Amino acid sequence: MIAAISYRNIWRNKQRSLVVMFAIAIGIWGALLVIGLAKGLTGMRHDNAVSTYVSHIQVHDPDYLRFGLIENHIDKANELEQYLAKEPQLQAYSPRIKIEAFLQSTQGNSALILNGIKPDLEQELTVVSEMLEDGNYFNSFKRQSPIIISKRLSERLNLDIGAKLRMSFSNVDGQTVSTVYKVIDIFQTGNSIYDEVNAFVPYTS
């Protein structure tokens, strides 16, 4: 009885009822659209972070997460790398050295994080090698120490491929070291904040 009365009451004023139905439908559709868009963007940012710089697992010296200094390195890194190379279930790995550095060029200065990488291993782990202007992932360079910087940094400091810049940083003994690098390529990821403060150089033990 109540259901029948309710049904007749809905269609007593068809225009009013249709407007309410359409309003509810549009509201539900809009909410689903926003939720789907937000979930998609979150997933995309997550996948981009994993494939670009985070990876699935990172191993650090415990003090590195607190202080982030070069002396907070893994003491038996070579033994760990040999173990990882023999692990059949591991798809890819790559050692990295991260150093807080200060960039100096004729166009300006900037604080950076120098990422020392082994290109052949790193390109199996991340997709930065696929995001280069010239595709020179340390494949070709002369005596000058090579460096790959971001598009965002190159535009801010007006640095092109072939430009020279000076990097200053502290070594494991706490002494300030200054090295001249030559830009051999420029990368651009989907994370402008990451691009702003990161650069890549060859890993040296």
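Buried means under 20% relative accessible area, exposed means over 50%, and partly exposed lies in between, with a 1.4 Å probe and protein chains only. The model is predicted: local features need pLDDT of at least 70, side-chain atom pairs count only at pLDDT 80 or more, and totals for chains, interfaces and linings use all residues. Residues are numbered from 1 along each chain as its sequence is written, and side-chain values use heavy atoms, with hydrogens and water left out.

**Exercise 1.** State how many salt bridges the structure holds, then work through the pair Lys 118 and Glu 81.

Solution.
- Step 1: A salt bridge is a side-chain nitrogen of Lys or Arg within 4 Å of a carboxyl oxygen of Asp or Glu.
- Step 2: There are 6 salt bridges in the structure.
- Step 3: In the bridge between Lys 118 and Glu 81, the closest N and O atoms are 3.2 Å apart.
- Step 4: Lys 118 sits in the loop between β2 (108–117) and α5 (119–125), and Glu 81 sits in helix α4 (residues 77–86), so the pair ties together parts 37 residues apart in sequence. Helices (H or I, at least four residues) and strands (E, at least two) are DSSP runs, numbered from the N terminus.
- Step 5: Lys 118 is partly exposed at 23% relative accessibility, while Glu 81 is buried at 16%.

**Exercise 2.** Place the partners Glu 122 and Arg 96 and classify each by accessibility.

Solution.
- Step 1: Glu 122 and Arg 96 form a salt bridge whose closest N and O atoms are 3.1 Å apart.
- Step 2: Glu 122 belongs to helix α5 and Arg 96 to strand β1 (residues 96–105), so the bridge ties together parts 26 residues apart in sequence.
- Step 3: With 2% relative accessibility, Glu 122 is buried; Arg 96, at 25%, is partly exposed.

**Exercise 3.** Do the same for Lys 151 and Glu 133.

Solution.
- Step 1: Their side chains meet in a salt bridge of 2.9 Å, N to O.
- Step 2: Lys 151 is in helix α6 (residues 151–157) and Glu 133 in the loop between α5 and β3 (145–150), so the pair ties together parts 18 residues apart in sequence.
- Step 3: Lys 151 has 27% relative accessibility and counts as partly exposed; Glu 133 has 42% and also counts as partly exposed.

**Exercise 4.** Which residues are joined into one network by salt bridges that share partners?

Solution.
- The network consists of Arg 152, Arg 156 and Glu 196.
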